[in-house]
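Biologist: Please take a close look at one helix pair in this model, then set it beside two single residues elsewhere in the chain.

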Amino acid sequence: TIPPLERSDFLTGQPLVDGTEICAGSTYAVTNPATGKTLANVVKLGAAQTRRAIESNSRALIDWRKRPAQERARLLHDWLALVRLHRHDLGLLMTAEQGKPLAEALGEVDYAASFIQWFAEEARRVYGEVIPGSADRRIIVIRQPVGVAGAITPWNFPAAMITRKVAPALAAGCTVTLKPSELTPLTAFALAKLALEAGIPPGVFNVVCGDAPAIGSVLTSHPDVTKFTFTGSTAVGKLLTAQCATTLKRVSMELGGNAPLLVFDDADLDQAVEGTIASKFRNTGQTCVCANRILVQGGIHDRFVEALAARVSAFTVGNGLEGATDQGPLITRAAFDKVQGHVADAIAQGGGIVTGGKRHGAGELFFQPTVLTGANPAMRLADEETFGPVAPVFRFDTEAEALALANATRSGLAAYAFTRDIDRAWRVAEGLETGMVGMNNGIVSTETAPFGGIKESGLGREGSRHGIDEFLEMKTINLGVR
Ligand code: ADP
């Protein structure tokens, strides 16, 4: 189901702890969601191996945190070079285990690499502060690594969600045990292998995988883990935050969103349609910043719907490893059922299908790219993340109504708005209750800017010059001077 890789060892499916691949133990099958075929049998780990991984993190930390930042930066640059060298293999691996079209997978490898580059550069900029003291006091603030970090990442970005956490952790001088999603561990193992080959010492970056609750419970309760960072659903994020409370770990959470996308009468129609395509249909609608609710003002509504549907119905849907495709499969049967359920519920509550609405002929887990109109707040899709290729269009009249609708959610990750009126653009950007706003733009993620949510979408920020702060503690040195 996958073309031959230059690095056939990327398919061995072995977790990496303390510089050693674990090959013994029971296994489970990782499958290609486009075909249902098995890609690899992955060794399944649990609590005991996770404890061993953390012990190796603690041992490795002693030397790693003391190394000069230049040296950690150099090793991160060497890791970056290997990721770039193996870009094509990593892309194939990702499409095979996750389903996104190969062009998107290669784009994600570049995006993942951008975090390694950024934090290799930031490693050398961990500045302190000097605070005016008094006659006999001098105050200095230094910033030191938090220590051992536990990390859990989801399946939708099998590479970028890892480098966005691991690169700043390593740059700061922390060591990490990562648990990727059980659905997409192969990309994670490959990244960890490349880090080891780049000279990053054993025990600095471990990857475990298998029994998620057992591994998660050790990562969130082990006293040696001082930092825990998670990307995934809000429900699991809350559970893991609670688990971290008993040992009071520093916590970062990148959780679910319910992004509104507002199109005003004064929008540029083409820009609004292209922005909606970029935001809504990236990764087949399976990103936490995907537009979940598309709110369109009355005067542009019909033209917008027609133009959006024309673009969406022209998508090529299929196996991302076979020719150029725009849309791949959904990740699991449960994901497919949720998307189908949202569409059925919307139809039952008066929504109308403009295009799509059913299973796609490409295979079991493929859903037709869908545009539906007449969406309203009573529908499930107004409240829950659909996480699939369904664009529900809500109609509104006034700006105040649009903002109220947009903010009527416990989530606050991303929002988008399209308008050519500069006053409105400011008012709306300031009024949206989210961590990120795409204004006349459907893409908000870049390694250079802070990524993260407010309300129940999370705690902390990743990427940007702030991303490394999540892995640093401040220490105040209050120096008496005679
Ligand atoms: P998604 O909807 O993206 O699958 P999840 O929150 O279920 O979101 O999964 C994100 C990550 O959290 C995955 O790596 C998954 O294995 C992990 N996970 C899910 N449940 C638990 C749990 N109880 N303890 C630890 N990790 C968990």
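Modeller: The helix pair comes before the two residues. This is a predicted model, in which local features need pLDDT of at least 70 and side-chain atom pairs pLDDT 80 or more, while totals for chains, interfaces and linings use all residues. Residues are numbered from 1 along each chain as its sequence is written, and side-chain values use heavy atoms, without hydrogens or water.

Helix H2 (residues 69-85) packs with helix H6 (residues 185-197) at an angle of about 130°, their axes 8 Å apart (helices are DSSP runs of H or I, at least four residues; strands are E, at least two; axes are fitted to C-alpha atoms over the stretch in contact, and angles run from 0 to 180 degrees between N-to-C directions). The two helices are therefore oblique (neither under 35, over 145, nor 65 to 115 degrees). On the H2 side, Trp-79, Leu-82 and Val-83 meet Leu-191, Leu-194, Ala-195 and Glu-197 of H6 (heavy atoms within 4.5 Å).

Thr-287 sits in the loop between helix H9 (269-281) and strand S13 (291-297). With 2% relative accessibility, Thr-287 is buried (under 20%, 1.4 Å probe, protein chains only). A polar atom of the Thr-287 side chain lies 3.0 Å from the backbone nitrogen of Cys-290. Beyond four places in sequence, Thr-287 touches Asn-156, Phe-157, Arg-282, Glu-385 and Phe-387.

Lys-165 belongs to helix H5 (residues 160-172) and is also buried, at a relative accessible area of 1%. Beyond four places in sequence, its contacts include Thr-229, Phe-230, Thr-231, Glu-462 and Phe-471.

Definitions and conventions:
Buried means under 20% relative accessible area, exposed over 50%, partly exposed in between (1.4 Å probe, protein chains only). A polar contact is a pair of N or O atoms within 3.5 Å; within protein, one must be able to donate a hydrogen and the other to accept it, and residues adjacent in sequence count only if both atoms are side-chain atoms.
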